[in-house]
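Trainee: I should like to learn how the features of a model are read, one at a time. May we begin with the ligand?

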Amino acid sequence: MPNTPFPPPTSFPKTQIKVLLLENVHASAHELFDAEGFQVEALGHALKDDELAAKIENVHVLGIRSKTQVRAPVLAKAKRLLSLGCFCIGTNQVELDDANRRGVPVFNAPFSNTRSVAEMILAEIVVLSRQIGDRSREVHEGVWKKTAAGCHEVRGKTLGLIGYGHIGRQLGVVAESLGMRVVFYDIATRLPMGNNRPVPALGELLEQSDFVSLHVPETAATKGMIGPEELSRMKKGAHLLNASRGTVVQIPALAEALKKKHLAGAAIDVFPEEPEENGPGFASELRGVPNVLLTPHIGGSTLEAQEAIGKEVAVSLIRYVNTGATTGAVNFPQVEVPAPKPRTHRILNVHKNVPGVLRDINRIVSERNANIESQILSTDNQIGYLMMDIAHDVAEDVRADIAALETNIRTRILY
Ligand code: NAI
């Protein structure tokens, strides 16, 4: 059974809930939906707009990865859609604002591959420090070049983390187990893990670190944040690693710093422009530069991460269907729901966020002489999301009255 917090009530038999999974979503998700008794149709490929529009009318839960586009015309056809899951990190393939207006929460899995990224960076730190990438290539080419020149242990060296969120923190902990000293810089105050130490300014981190690793999001402030000036502040012989976002590092400036031998190496997993399809023809100023590891955005790409993503998103979708919880939704007011009390039904209402809605709803409840056992309202600019547990004998009438309000977007009841 999935990790749902309490026995789930549903508005109609679970066997009538239709789940459509596209793009080879991991079997871990399929298994969780099966265990709930939902009907699952799983396809190995993405659907084009018109194909999805033709299919979505009877779908209650849609699961996609990064290729399927879910735009307003498709959402307009999704009359029964309760919720949408992006089994990946990014959600810009979905028109989130339109889904919000239509009362459809969208979930993703932002942290299921945290560990995978941290492990890859840790490995790259050692590989760079020993120039293993170059030695391996030489031996593949039949060249024997046994040397210790420029090769170091990482024990006792300083790792500087820019961005101390999920990945930065995880990496900071595992790097200490190799005997590294870890410092970090973040714009937010972050609790240091283990013996990791914050530094007050980016410049200080650059000056102290033998390895600088970036773990920031793409924002106006992080775009191009590592350019000629920052690179020149790094120690001579230091290394730069970027598995965050491609726009954070100015690649021509990095290529220059490496070619001048100011930096001893770099590992780059993300690029300002990345090809949509696998294949030859990738261009970068960094190609062929010694002791530079180039990887095709695979920091989070492990089978463990795929499985974790399948579970994380499926659990969020199942919890929403069964209980109404929206915790973690990327486009929706957050409501964490209590366990239902005996002899109550739960009403879940999405409404336009205009003044007076709660007053209207409470009027309906008091006209029915009903007792509200729990009520939680959360709003954003466009909508309000209300969860209300109410005496079971009047709940269906209350639901019908709320659904008839002009401000109603969607209302459902969990028996
Ligand atoms: P997170 O949101 O947990 O942490 C980001 C941290 O950066 C936060 O602590 C934030 O306060 C800090 N930050 C924001 N702006 C900053 C600035 N200007 N200076 C310093 N710190 C700043 O994110 P998470 O999960 O750790 O991911 C980090 C990055 O890794 C993201 O860009 C994400 O897209 C990328 N990523 C890359 C993957 C890959 O395959 N290469 C896989 C997964 C994530």
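Mentor: In this predicted model, a backbone N or O atom of Gly-300 lies 3.0 Å from an oxygen atom of the ligand. The protein covers 85% of the 870 Å² of accessible area that the ligand has on its own.

Trainee: Which other residues offer polar atoms to an oxygen atom of the ligand, and at what distances?

Mentor: With Ile-167, a polar backbone atom is 2.9 Å from a ligand oxygen. With Asp-186, an N or O atom of the side chain is 2.5 Å from a ligand oxygen.

Trainee: How many residues surround the ligand, and which are the closest?

Mentor: The surroundings comprise 24 residues, and the closest are His-166, Ile-167, Asp-186, Val-216 and Asp-269.

Trainee: How should one read the helix α7, residues 166-176?

Mentor: The general idea concerns periodicity. An α-helix has 3.6 residues a turn, so residues three or four places apart point the same way. In α7, the buried residues are Gly-168, Leu-171, Gly-172, Val-174 and Ala-175.

Trainee: Against which elements do the buried residues of α7 pack?

Mentor: They pack against the helix α5 (114-129) and against β6 (158-162), β7 (181-185) and β9 (211-214).

Trainee: Where is Gly-165 found, and is Gly-165 buried or partly exposed?

Mentor: Gly-165 is in the loop between β6 and α7. Its relative accessible area is 21%, and because a residue is buried only under 20%, Gly-165 counts as partly exposed. As for distance, the C-alpha atoms of Gly-165 and Asn-196 are 13 Å apart in space, with the two positions 31 residues apart in sequence numbering.

Trainee: How is the sign of phi to be read?

Mentor: Most residues other than glycine have a negative phi, and most peptide bonds are trans. In this structure, Glu-23 is not a glycine, yet has a positive phi of about 60 degrees. His-297, also not a glycine, has a positive phi of about 55 degrees.

Trainee: Where do Glu-23 and His-297 lie?

Mentor: Glu-23 is in the loop between β1 (18-21) and α1 (27-36). His-297 is in the loop between β12 (292-294) and α11 (303-323).

Trainee: Are these residues buried or partly exposed?

Mentor: Glu-23 has a relative accessible area of 9% and is therefore buried. His-297 has a relative accessibility of 40%, so this residue counts as partly exposed.

Trainee: With which side chain does Thr-68 make a polar contact?

Mentor: The partner is the side chain of Glu-23, at 2.7 Å. Thr-68 itself lies in the loop between β3 (61-64) and α3 (72-77), and at 0% relative accessibility this threonine counts as buried. Setting aside neighbours within four places in sequence, the residues in contact with Thr-68 are Leu-22, Glu-23, Ala-46, Leu-47, Leu-52 and Gln-93.

Trainee: What does Pro-110 touch, not counting residues up to four places away in sequence?

Mentor: Pro-110 touches Ile-89 and Glu-312 on that count. This proline is found in the loop between β5 (106-107) and α5. Its relative accessibility is 29%, so Pro-110 counts as partly exposed. Between the C-alpha atoms of Pro-110 and Pro-275 there is a separation of 22 Å, and the two are 165 residues apart along the chain.

Trainee: In which strand is Arg-346 found, and is Arg-346 buried or exposed?

Mentor: Arg-346 is in β13, residues 344-352. At 2% relative accessibility, Arg-346 counts as buried. Its side chain is joined to that of Asp-389 by a polar contact of 2.7 Å.

Trainee: How is the chain to be described as a whole?

Mentor: The chain has 13 helices and 16 strands. Of its 415 residues, 49% are buried. Its C-alpha atoms fill a box of roughly 85 × 45 × 35 Å along the principal axes.

Trainee: What share of the contacts between residues at least 6 apart joins residues at least 24 apart?

Mentor: The share is 64%.

Trainee: What remains to be said of the surface and the charges?

Mentor: The accessible surface of the chain is about 19,800 Å², and carbon and sulfur atoms account for 52% of that area. There are 45 positive and 47 negative charges, and their mean positions are 3 Å apart.

Methods: Residues are numbered from 1 along each chain as its sequence is written. This is a predicted model: local features need pLDDT of at least 70, side-chain atom pairs count only at pLDDT 80 or more; totals for chains, interfaces and linings use all residues. Side-chain values use heavy atoms; hydrogens and water are left out. Helices (H or I, at least four residues) and strands (E, at least two) are DSSP runs, numbered from the N terminus. Buried means under 20% relative accessible area, exposed over 50%, partly exposed in between (1.4 Å probe, protein chains only). Contact means heavy atoms within 4.5 Å. Accessible areas come from the Shrake-Rupley method with a 1.4 Å probe; for residues, only the protein chains shown count as cover. Lys and Arg count as positive and Asp and Glu as negative; His and the chain ends are not counted. The place of a charge is taken as NZ of Lys, CZ of Arg, CG of Asp or CD of Glu. A residue is near a molecule or strand if one of its heavy atoms lies within 4 Å of it. A polar contact is a pair of N or O atoms within 3.5 Å; within protein, one must be able to donate a hydrogen and the other to accept it, and residues adjacent in sequence count only if both atoms are side-chain atoms.
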